[in-house]
Amino acid sequence: NGDIFDYLPVSDRVMGIAIADSSGHGLPSALLARDVVTGLRMGADTLLPLAALIERLNRVIHRAALATKFISLFYGELAVDGKFSYCNAGHNLPLLLRDSSFLTLSKRGMVLGLLPAARYQSASINLLPGDLLLLYTDGVTERENDEGEMFGNERLEAVLMEHRAGEAHEIVTAVFRAVDLYGRGTPAADDMTVLALRRL
């Protein structure tokens, strides 16, 4: 499985959240995903700025990965006051639903592992009570029906809007159910990972 997610206890006031999607399939992809989580866990308590942490991780992944392998990563840190700082290394843009509107967390850089000198930028947003954040891998939006049409972001947003009053685990279940129904029981071509976070 080339998809992976993790929760990292950065401190008693900050929780780290990561989702990653490795290129390819099989053992090499799984090992690459494992290396990313290991690197994040080793670096999360270093107090490095987010961008510097991801740049260091990129150098580690570049040295460890096969030349044809790379991995996308979205990593964020949520503080108890609602401040959410994040760095996106080539991953799908997350969906942030506030009331009935979607906000864009658009800051994004290159996938990890391709260029050892790649630079990354972090950004932050304040999550308000009730805000719903959805992280996912491209296996969700690229799931095809029997006519070869992809599930896409608009359908994913519609599922999120319909179930926005639910708890996080209910929303994740609703997404998987909608994607499976769309695929009409055909085997998925790619791994799918979904992570939902709501600020209470």
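Asp 6 is a good place to start: with a relative accessibility of 13%, this residue counts as buried. Its side chain meets that of Arg 41 in a salt bridge, 2.7 Å from N to O. Keep in mind that the model is predicted. The structure holds five salt bridges, and here is a friendly look at some of them, including the Arg 41–Asp 6 pair.

**Helix α1 with strand β1**
- The Arg 41–Asp 6 salt bridge links distant parts of the chain, since Arg 41 belongs to helix α1 (residues 27-43) and Asp 6 to strand β1 (residues 3-9), 35 residues apart.
- Arg 41 counts as partly exposed, because its relative accessibility is 43%.

**Helix α2 with the β6–β7 loop**
- Glu 55 and Arg 119 form a salt bridge in which the closest N and O atoms are 3.0 Å apart.
- Glu 55 sits in helix α2 (residues 50-64) and Arg 119 in the loop between β6 (101-104) and β7 (122-126), so this pair ties together parts that are 64 residues apart in sequence.
- Glu 55 is buried at 11% relative accessible area, whereas Arg 119 counts as exposed at 67% relative accessibility.

**The β7–β8 loop with strand β5**
- Asp 131 pairs with Arg 98 in a salt bridge, with 2.7 Å between the closest N and O atoms.
- Asp 131 comes from the loop between β7 and β8 (132-136) and Arg 98 from strand β5 (residues 95-98), so parts 33 residues apart in sequence are tied together by the pair.
- Asp 131 is buried, with a relative accessible area of 3%, while Arg 98 counts as partly exposed at 22% relative accessibility.

Note on methods:
Residues numbered from 1 in each chain as written. Predicted model: local features only at pLDDT ≥ 70, side-chain atom pairs only at ≥ 80, totals over all residues. Heavy atoms only, no water. Salt bridge = Lys/Arg side-chain N within 4 Å of Asp/Glu carboxyl O. Helix = DSSP H or I, 4+ residues; strand = E, 2+ residues; numbered from the N terminus. Buried < 20%, exposed > 50% of the residue type's maximum accessible area, 1.4 Å probe, protein only.
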